[in-house]
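Visitor: Please take me through one part of this structure closely. I am new to it.

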Amino acid sequence: MSINASGWRPEAPVAGGKASPTVTGNKGLMLEEKLIFEIGDVETTGVDFAEAPPLQGRGWGGAVPGAGLGETSPTPSPSPEGEGSADLLAGLFRTTPIGLPGLSEPETVRHYTRLSRQNYGIDLGFFPLGSCTMKHNPRLNEKMARLPGFADIHPLQPVDSVQGALGVIHELATWLITLTGMHGVAMSPKAGAHGELCGILAIRAALEAKGEGHRKIILVPESAHGTNPATAAFAGYQVEDIPATAEGRVDTQALIARLGPDVAGVMITNPNTCGLFERDMRTISDAVHAAGGYVYCDGANFNAIVGRVRPGDLGIDAMHINLHKTFSTPHGGGGPGSGPVVLSEALSPFGPLPFVAKQADGHFALIEEETAGDDHPHAFGRMVAFHGQMGMFTRALTYILSHGADGLRQVAEDAVLNANYILRSLDTTLDAPFGASGPCMHEALFSDNGLATGFSTIDIAKGLIDEGFHPMTMYFPLVVHGAMLIEPTETESKAAIDQFVAALRSVAERAKAGDVSLKSAPHFAPRSRLDETLAARKPVLVWKEPVLAQAAE
Amino acid sequence: MRYLPLTQPDRDAMLGVIGVATIDDLFVDVPEAARLDGPIHGLPMHASEMAVERHMTALARKNLTAGEAPFFLGCGAYKHHVPASVDHLIQRGEFLTAYTPYQPEIAQGTLQMLFEFQTQVARLLGTDVANASMYDGSTACWEAIGMARRITKRGKAILSSGLHPHYVSVAKTMAKFTGDLLETATPTLSAETDLDALIGAIDKDTSCVVVQYPDILGRIADLTPLADACHANKALLIAVVTEPVALGAIKSPGEMDADIVVGEGQSLGVGLQFGGPYVGLFGCKDKYVRQMPGRLCGETLDADGRRGFVLTLSTREQHIRREKATSNICTNSGLCALAFSIHMTLLGEKGLRTLAQINHVGAVAAAKRLSKVPGVELVTPAFFNEFTLKLPVEARPVVRTLADRGILAGVSLGRLYPGEDGLANGLVVAVTETTSAEDVETLAAALEEILA
C-alpha cells in the first residue's frame, strides 16, 4: 500500500541477498578510476588563459607583457632595432607534440579525490609502521606553512627582505640544539638519509682535517636501517657489521674489540630498531672517541626520548632528526622529509653550508660560500641548492611551540607507554624475541615464530588490512625472522590501541591455526595482493598508448 | 595537551597492564646520568593554537613576499600561478598523511598518481622513463653524475659553466668524498654558451657532460651536437632543466638525445617556499633504468587480474641492497610530486603550451623594455622566460636598494658568483605569467632612476 501516488514507502530490507558484479567495476563507495591518459586529452585544459599572442619563435612582434592574462596593454612593442627577425628561441621552438593529457577542473578534482580514497592515511586510522613515527599531523602546521610570508618568498631574495624566514630557521635550530644537548645543527639536509650523509661527511671532513683520512671503516650494527650502510658506502666508506647480543642490543664488546686506527666511526640507532635503548651508548661513545673515531646516531627513533634524554649526554657527535617523524610534518605518501643534523662541538666546524647566524644586533645573516670565509674554513660544503626544507621548518616549529618543553616530554612518555602496552598485551599471543630484555621504547617487536607452516608475517599484515588497519613494518629489522615492528606513537587513544590489539590477536591466532583465508587477504581492500614479481620482470614504468604498447611487445 | 588523547586514568590502567608502577620504570635502561628529571630548562612550555599562530604570523610578516612586490627572481625557483584546486587536493588526508606505499593494496591512490607522474615527467623531459621523484634538482643532478659513473665506469664529469652554481657546488661537495673528478668553469657575461668548449673537452675518460637548458643566464642552445660528441666518446649527456615550463615552448633535451635528463619541478604546483621542499625530476633512456636512483612505480596485476601499481625494481634500493644500493635515497618528494602532477593535469598539453607562450612573450617584452634603460644591455639574445642584463654598475647593491623600495628585481650574479668581477654587473631577470606590464614598467622606471 502506497503512502502517495509515486509508490514510495519506507524501506524494509530483506537480509541475505547476493550481489551481482557491477558493470563499472565500482562497488558502492569503492570507485575505480582510470589513468589521466585514458580519460584526458591534449586539447583539454582546466586552466583559463586569455588568448596568448602567437609564438612562432621569430621576432619581437606583438610582445606585450602580461598579454593573455586579460590585462589591457594595447601598445605592441616595436621590432628590435637592427635585429631583424632574431630567433628568440634559438631555433628550438617545439613543433612536436608532448602527449600530456589535460582535464577540466571538475574532472581533475574528481580524479584525485577518487584516487585519494584508495589510500590509507593517519587521518583514517591507526598506522603503526615501526621506525616511521606515523603520528597525527596537526592542521595548524599546514596553515602556518601556507602563510604567504613563508610560502611565497624566493630563496635568493636579499636577506634583509626575509628576516622572518631566517628567524624561523634560527628558532627551530635553537630548539633542536637544546632538545638534544648538542652544540650545532645543520638545517639543510632534505630527509633522514640525506642527514645521515651530512653527518658522515662531517665526520670524514673532521678526520681529514686531523690527517686521519686513511680511516676507511664505518661500523654498523646488523639491525640498522638500510640507509646507514648505503650512506656510508655513498660517502666512500667500507661498511662492517657489528653483531647484536641475544637481548637485541649492540654487542658492545665486539664493537670495542673492532675499534682501531682504520675505523672512522660507528653508526648506531638509539633507541635501536629492536625497540630497545642502547644502555651502553655512553661507554661505546667513549671507546670510539678514545680510538680516534666519531659516533653517528641515527635519530629516526628520537620520538621515544625527546624531552627525556639528550643525545649530547650520551657522547653522540652527529644525529639526524627526521622532522617528518618526531615533529609531525606530513609524510605525504613518501616525502618530502627534512633531516636536520645536530652536531657535537668537535664536529660543528665541519658542518655544511649554508647556515643562519644571528648577529649581535639581532639581524640574521645567511652564511654561504662567500661569507663562510675565515670564520668557518672547515665547513665541508653545500649539500643542496638553497637553504633546506623551509616548508617543513615552519611546520615543525609550529608543532614544537604547541607542545613546548613539557608537552614534548609527555610525547615521549605516551609513545613509550603505548608501545609497552602493546608489547605486554600481545606477548602471550605472538613471539616477542626481546620481550625479556626489559621495557621497550616507542616500538614493540615480534617475530613470526609459532605461526602455522607456510604462514608468514605478510599474511598477518594483509589480514590486518581487512581489519581496517595499516600493517606494522614487516621483515625489519633483519636480525629477527619475520619481524613485525609496531610503533603506535603518542597520538593514539587507548580505545584505538585496544581495538588494534584485539584485531592483531585474532589475526595472529588465525595464522597460528593455519586459516587459509589469510593467504589470500586482503579481501576488502581496493586491490587484492599485487604481483611484484611480474612488475619487476617486465617493468612497465610509464603509460603507453595501447597501439604503441602492443607494438612494443 | 590537544594532540595527546591519553587521559591520566588511561595511563594508570596501561601501566597496570604492563606491570610497572610509574612511567619512569619504562626508562630504566637509560643510564641515570642521562635521565632528565623534568622539562628541559630554558625552553617555553606548551602554547595554545591561537598563541602559536600569533607568533608564527609575526615572523611571516617580517618577509617581503613575491605576491606583494613587482617580482623578477628565478635562477632555479620560479613564481607561477598555482590553481587553487592543487592545494586543496594535496591536503586530502589520504594523500597528506599516507606513508611510502609499502602496502600497495591500500596505497593505490599514491601509486597510480606516481605512475601518472612518471609518465608526465618522461614525456615532458623527452625520456623513455622517469622515477617517482628526488629531493630537488640539485641532488638529482649529483645523482645523475653518479649514475653516469656507474654506467660508463669512468670518473670524470664535465660541468657546463651554465649550470646553476648551487648545483655545481653540491656536485663539488659530493665529489670530494666519492673521488669523482669534476671539470667546472665560471660563465662569462656573454651571448655565447660554452657548448663548443664542452665538445672540445670530451675525452675517453669522460663519464658525462652536464649542461643546463635553459642555462643559468637564461640562454638556450641546441644540445644535439653535444649529444653526438658525447656518444662518439661513449660518454653520457646529462641535461638539467630548472624551469620545466620552458619545455612547453622548446624542444626537450630527450628529443635532442640526452641520456639522462634531470630537473627541478618546483615551477609546477609547488610554489617558492624559500627554497624547499621542492621536487627533483629524473628521467633517462630505457637501457639505463636499472642504474637509476630513487623509487620507481610500475604497473602490474593483482591476484584477481585487475590492473594495479606497486613500487618496483627495489633491488636497486637501500632497504634491500644496503651498501650496494644505487643511492642512499629513501624518502623522495611524494607530496610535491603530487602537486606537480595535479598542476600538469589541469594544464594539459594545451595549457602548458599556452602558459609557456605567455611566459616567453612577456619575457621578450620585458627584455625589450629593460634594455632601453640607459646603460643597460641585454646579454642573452635567445631565452625562454629568463634573461640576463648587464648593468653599468654592480648589480648586487642595486638589487638591495630596489628591495628596500619594495621591488624584487631579479638575481644578481654577484650573489651567485661572489668575487667574480666579470659577472658582478649581471642581473638575471625572470618573467612569468604572474608578471604584469605595470611590474615591468615599475622596475624599468626604478632602474632608470637609480642608474641615472
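Guide: H2(A) and H11(B) are roughly antiparallel to each other, a label for angles over 145 degrees. This is a predicted model, where local features need pLDDT of at least 70, side-chain atom pairs count only at pLDDT 80 or more, and totals for chains, interfaces and linings use all residues. Residues are numbered from 1 along each chain as its sequence is written, while chains are lettered from A and ligands numbered from 1 in the order in which they are written.

H2 covers residues 105-116 of chain A, and H11 covers residues 334-370 of chain B. Helices here are DSSP runs (H or I, at least four residues), numbered from the N terminus. The two pack at an angle of about 150°, with axes 9 Å apart. Axes are lines fitted to C-alpha atoms over the stretch in contact, and angles run from 0 to 180 degrees between N-to-C directions. Their crossing is right-handed: the near helix is turned clockwise from the far one by less than a right angle.

Now the residues. From H2(A) come A:Glu105, A:Thr108 and A:Tyr112. They meet B:Ile342, B:Thr345 and B:Leu346 in H11(B). Contact means C-beta atoms, placed from the backbone, within 7 Å. This set holds three nonpolar residues, two polar and one charged. Ala, Val, Leu, Ile, Met, Phe, Trp, Tyr, Cys and Pro count as nonpolar, Asp, Glu, Lys and Arg as charged, and the others, Gly among them, as polar.

H11(B) also packs with H5(B), residues 108-125, at an angle of about 60°. Here too the axes are 9 Å apart. That crossing is left-handed.

Technical notes:
Parallel < 35°, antiparallel > 145°, perpendicular 65-115°, else oblique. Contact = placed C-beta atoms within 7 Å.
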